[in-house]
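Hi,

Here is the structure I said I would pass on. Have a look at it first, and then read my notes below.

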Amino acid sequence: AYDRELLKFAMEYNLTKQMSCVELCKVIEEIAKFNPSIALSLTAHHLALNCLKDHELSKRDGFFAFAITERIGSNIKAVETLAEDKDEFYVVRGVKKFVTNAEFAEVFVVTAKHGEKVLVFAVEKDFVKTEKININCFRGSGIGKIYINAEIPKENLVGSLGLVISALVESRVVFSSLALGIAERCFELALSRAKRRGLIEN
């Protein structure tokens, strides 16, 4: 289960607020050394936050989620979730899998197909149903499946395919920092044990 206190700690220290890529990489690297789950949650949160940019919902307190993966995987152009234009709103219907922060996110960034275009929506938590997924790693990241069948206001349309690709490109560097933090901690623990056992000189 995810750790509510650690999530609260991250928010109290403004780690969920917008920051530069360099700052974020440093934060993620350090946190990943001791709690990879929280590091992953923050990484996914900032991926979603980058898509929201100056949208009103970006000012919400709490964590956000980036929902793109479906039955066919993470192929952005092969999205099966559909968005139907109803003049004053869009009806968005679909299922997203392996969504980091799904259990506790306040806002979801969701991709959906409208004709030949892929649109990106900001969807509040009240418009989705979540289902926990049991996995063998990152158990504290609230990873789950979400079901969407809701009327989404036109103002919650935040962009198109280019927006998602741009956010994903930047996130690669951040995910690398997460892996680096885990590797550094593994090396520190291995080195400490080797020294205790006299396998190498201090």
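To start with the charged side chains: which side chain does Lys33 meet in a salt bridge? The partner is Glu184, with N to O at 3.6 Å. The two come from distant parts of the chain, 151 residues apart. Lys33 sits in the loop between helix H2 (21–32) and H3, while Glu184 belongs to helix H4 (residues 161–196). Before you read too much into any of this, keep in mind that it is a predicted model.

How covered are the two ends of that pair? Lys33 has a relative accessible area of 16%, and because the cut-off for buried is under 20%, Lys33 counts as buried. Glu184, in contrast, comes out at 25% and is partly exposed.

A search of the whole structure gives 11 salt bridges. Two others I looked at are these. Glu80 pairs with Arg71, and their closest N and O atoms are 2.4 Å apart. In that pair Glu80 is partly exposed at 37% relative accessible area, whereas Arg71 is exposed at 59%. Then there is Glu84 with Lys86, where the closest N and O atoms lie 3.0 Å apart. Both of these are partly exposed: Glu84 has a relative accessible area of 36%, and Lys86 has 37%. There is also a network, in which salt bridges with shared partners join Glu30, Lys33 and Glu184. So Lys33 and Glu184 turn up again here, as part of that one network, and the general idea is simply that side chains of opposite charge can pair when their charged atoms come close.

Next, the helix that follows the Lys33 loop. H3 (residues 36–52) has 17 residues and spans 24 Å from its first C-alpha to its last, close to the 24 Å expected at 1.5 Å a residue. Most of H3 is covered, with 16 of its 17 residues buried. Right after H3 comes Lys53, which has a positive phi, near 50°.

H3 also matters for the cavities. How many cavities of 30 Å³ or more are there? The count is two, and the largest has a volume of about 50 Å³. Its lining is made up of Leu24, Thr43, His46, Leu47, Asn50, Ala167, Glu170, Ser171 and Val174. H3 and H4 are the elements that give two or more residues to that lining.

On to the strands. E7 (residues 144–153) pairs with E3 (residues 89–99) in the antiparallel sense, over nine bridges. Within that pairing, Ile146 of E7 stands opposite Lys96. E7 also pairs with E6 (residues 128–132), again antiparallel, over five bridges. There, Lys145 in E7 is the bridge partner of Glu131.

One last residue to click on is Thr100, in the loop between E3 and strand E4 (107–114). Is Thr100 buried or exposed? Its relative accessible area is 13%, so Thr100 is buried. Leaving aside residues up to four places away in sequence, Thr100 touches Leu40, Ser41, Ala44, Ala65, Ser141, Gly142 and Ile143. Three of the names to pick out in the viewer are Leu40, Ser41 and Ala44, which fall within the residue range of H3 (36–52).

Cheers

Terms used:
Residues are numbered from 1 along each chain as its sequence is written. This is a predicted model: local features need pLDDT of at least 70, side-chain atom pairs count only at pLDDT 80 or more; totals for chains, interfaces and linings use all residues. Side-chain values use heavy atoms; hydrogens and water are left out. Two strands pair if DSSP finds at least two bridges between them. Helices (H or I, at least four residues) and strands (E, at least two) are DSSP runs, numbered from the N terminus. Buried means under 20% relative accessible area, exposed over 50%, partly exposed in between (1.4 Å probe, protein chains only). Contact means heavy atoms within 4.5 Å. The expected span of a helix is 1.5 Å times one less than its number of residues. A salt bridge is a side-chain nitrogen of Lys or Arg within 4 Å of a carboxyl oxygen of Asp or Glu. On a 1 Å grid over the protein atoms alone, a cavity is a set of points where a 1.4 Å probe fits but cannot get out, and a pocket is an open set with protein on both sides within 12 Å along at least five of seven lines; lining residues have an atom within 4 Å of a point. Grid points are joined across faces, edges and corners, and a volume is the space filled by probe spheres set on the points.
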